[in-house]
Amino acid sequence: MPIHNADIAAIFEEIADLLEIQDANPFRVRAYRNAARAMGELGRDVKSLLEHDGKLPKLPGIGTDLDAKIHEIVETGKCALLERLHKELPPAITELLKIPGLGPKRVKALYHDLDVQTLEQLLRAARDGRIRALHGFGEKTERNILDAIESHINQARRFKLVVAAQYADTLITYLGKASGVKRVVVAGSFRRMRETVGDLDILVTADADSKVMDHFTAYDEIAEILSHGPTRSSVVLKSGLQVDVRVVNEESYGSALHYFTGSKSHNIAVRKLALARGLKINEYGVFKGQTRIAGETEESVYHTVGLPYIPPELREDRGELEIARAGHLPHLIELADLKGDLHAHTKATDGRNTLKEMALAAKAMGFEYLAITEHSRHLTVAHGLDPQRLVKQIDEIDRLNEELQGVTLLKGIEVDILEDGSLDLPDSVLARLDLVVGAVHSQFALSRTKQTERILRAMAHPYFTILAHPTGRLIDQREPYDVDMLRIIREAKKRGCYLELNAHPERLDLLDTQCQMAKEEGVLVSINSDAHNTLDFSNLRFGIGQARRGWLEKQDVLNTRTLKALLPLLKATM
DNA sequence: GCCGTTTTCGGCCCGACTGTTTTCAGTCG
């Protein structure tokens, strides 16, 4: 069985769960969770790294023991510690931890006292009223467990950023209407621009006598109130989205925003820095003994631990603290840096608007240029262009450009990369274009080797300019196809072509860690809307968020270039 | 299990809310 990073991460997570149920040292448990996270986020494939170099680079949180376990898993596909734990505890028991309200202590009690090992057994025990009899459990806990199991089955897991944004906008307006409310801001993974969010974390500053929590829990989209306190409340909306609201007074705004934005591991790292300086950080401020020394702004919090302000998108404990301390934080790209968009469709294929309407919408975005890149004939469902229709569009664009003021349409194509790596249109017509965007739209299940070779062969084509949505994943719908992204990026560097970060909210493809990889290898990324109508340009903000999570700066992005600077870059091949 | 501008041993972020308890453990973020 091929071992991927995610497999190693899953093994470490399971070990952490089982150790926790065994009441092991919580810091040992954390070490395994950190290692799982490190594996999940690593931009390089561990197996191929080991095959190539024979050892792993030094990774934070991976010491001698975990390093040996990674070797063991890669070489044998198994981990002796996990096998031992499986003998000591029933394997399915980690499923029980997924039930909200059940942590390791309660799972352990349920197993020892009631021999509950599976969700089915848990359900039966709750229905029979056996749980309430356990020490530390009661009638209400039993009821909650029962409810949680039932909703666990058809529970919505994570929400795409674009969907969460819609709920956030209306809720912010609603909360702002409560008396005494000063500021309402969404923190959490939403503010860090993660591609999906599990819940909305909203921070409110308000006068001490504000009734904002009562106002919040009276919101008419609420399906269930999970908790309701004076400073913190949690609810589930009818949509299934959980919302947590936290209220602090105005002087704690910065420290509370920092705390509530996370990520959890970033916060832990910052608080450790504070400890080393004899300081304590909590959501109310930074304290030296009993004295509060900072907290009005996030800048003030970072300042107390000797750091500059770190943008939310970087707060993932992926080395940002060290880089910040050294004064080398990137100046992250912003939406206003984009000078154009290099991937868009019109009515000629599966888009909704005309060439002119798209051009004017791009101009309204402040863009100098917009590339029209229709699908090619192989993608019949999208009414892809054959050579004749593409030539016709080329002529139309030439005519329209003479008429347009302040914006230029570029002639392109989103050409299908066929299974053998050839392109879906002949050279004779591709030669007439300003750029060729290549895309995989079929045969997603090829082996890693074949899929990689297919894409490399397409990129070797002299007219190839940009690889569209390089992993092919659709968030929550379709897994990425299996490719060696590092090889693709290195080949792009050699060939002088580029990778797309597709900003469509269902794609957000390249992934953030792959953006970092492209940057390290010196390959420019093109942040494109893949617009199918004039409104889709607004999705670029999600692409910008993803790019910022990938540490990209203005100079790392192809379409921050002016038209004049861009054109030679599009022509640079081989 | 990891790690070191006090350290190779002894620490490891910090607080709110719930439910069960009668002063606090467990869970969560």
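Which residues come nearest to DNA strand B, of the 51 around it? They are N25, G63, G101, G138 and R271, where "around" or "near" is a heavy atom within 4 Å.

Quick housekeeping before I go on. This is a predicted model, where local features need pLDDT of at least 70 and side-chain atom pairs count only at pLDDT 80 or more, while totals for chains, interfaces and linings use all residues. Residues are numbered from 1 along each chain as its sequence is written, chains are lettered from A and ligands numbered from 1 in the order written, and side-chain values use heavy atoms, with hydrogens and water left out.

Okay, back to the DNA. Of the strand B atoms within 4 Å of the protein, 76% belong to sugar or phosphate, and the rest to bases. Polar contacts here are pairs of N or O atoms within 3.5 Å. A backbone N or O atom of G61 sits 2.9 Å from a phosphate oxygen of strand B, and for K105 a backbone N or O atom is 3.2 Å from one. K280 uses a polar side-chain atom instead, 3.0 Å from a phosphate oxygen of the strand.

Next, E316, in the loop between α14 (298-304) and α15 (320-325); helices are DSSP runs of H or I, at least four residues, and strands are runs of E, at least two, numbered from the N terminus. Is E316 buried or exposed? At 7% relative accessibility, E316 counts as buried, since buried means under 20% relative accessible area, exposed over 50%, and partly exposed in between, with a 1.4 Å probe and protein chains only. Leaving out residues up to four places away in sequence, E316 touches R37, R192, R194, S263, S265, H266 and R549, a touch being heavy atoms within 4.5 Å.

One of those partners, S263, brings me to backbone oddities. Most residues other than glycine have a negative phi, and most peptide bonds are trans. Here the G262 to S263 bond is cis, omega near -5°, and so is D509 to L510, with omega near 25°. On the phi side, D476 is near 65° and D530 near 55°. D476 counts as exposed at 60% relative accessibility, whereas D530, at 6%, counts as buried.

Last one: helices α19 (residues 448-459) and α20 (residues 485-495). Their axes come within 10 Å and cross at roughly 10°, so the two helices are roughly parallel, which covers angles under 35 degrees. The contact involves T452, E453, I455, L456 and M459 of α19 with R487, I488, E491, A492 and R495 of α20.

How values were computed:
Axes fitted to C-alpha atoms, helices over the stretch in contact; angles between N-to-C directions. Parallel < 35°, antiparallel > 145°, perpendicular 65-115°, else oblique. Polar contact = N/O pair within 3.5 Å; in protein donor to acceptor, adjacent residues only side chain to side chain.
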